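User: Could you take a close look at one helix of this model and at the backbone around it? I would like one connected account rather than a list.

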Amino acid sequence: MKKTTQNAQESSELAKELYESHPNHKIWLLYGELGAGKTTFVKGLGEIIGMKPSEVKSPTYVLVNEYEHFKHYDLYRIDTMDDLTLEQLEEHLAENKRLVIEWPEKVEKYIKKPHLRIYIRHGGGDSRFIEVEAVD
């Protein structure tokens, strides 16, 4: 699926749509450059499960934010996976809860199927090009 969103609200709406249309794809891998809108996209996921957008924060400096219904990783600052971080990720993968990972290139080999690959690119101004690939 390919879609262009015109603003942050439309990106959040797309996240809600994916949540409803892909209930078995509990792992979401978010690809995109800095500032592409990955965390904004995750806020849309939070909204559909009853969170306020302000409750979903970027975990850039803490590595992972754990919410009641999902875990949100940001691996931007990680060069290599140390044993402790890898062990934590493996525990979260085994829980069968929703898991969202920004900068997933660093852990792709550990990710099981099914999952979604979500690519977000700037489209100029507030617009974003979003491509979603379901991996079964």
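Analyst: What follows looks at helix α2 and then at some backbone features in the loops.

The model is a predicted one, and within it helix α2 covers residues 38-48, with K38, T39, F41, V42, G44, L45 and G46 as its buried residues. An α-helix has 3.6 residues a turn, so residues three or four places apart point the same way. The buried residues of α2 pack against one other helix, α1 (8-21), and against the strands β2 (27-31), β4 (70-74), β5 (98-102), β6 (115-122) and β7 (128-135). After the helix comes G50, a glycine whose phi is positive, near 95°.

Most residues other than glycine have a negative phi, and most peptide bonds are trans. Against that background, L63, which lies in the loop between α2 and β3 (64-66), has a positive phi of about 80° although it is not a glycine. L63 is also buried, because its relative accessible area of 14% falls under the 20% cut-off.

The loop between β5 and β6 holds W103, another residue that is not a glycine and yet has a positive phi, here of about 60°. W103 has a relative accessibility of 16% and therefore counts as buried. The loop between β5 and β6 is also the place of P114, and the peptide bond that leads from K113 to P114 is cis, with omega near -5°.

Notes. Residues numbered from 1 in each chain as written. Predicted model: local features only at pLDDT ≥ 70, side-chain atom pairs only at ≥ 80, totals over all residues. Heavy atoms only, no water. Buried < 20%, exposed > 50% of the residue type's maximum accessible area, 1.4 Å probe, protein only. Helix = DSSP H or I, 4+ residues; strand = E, 2+ residues; numbered from the N terminus. Contact = heavy atoms within 4.5 Å.
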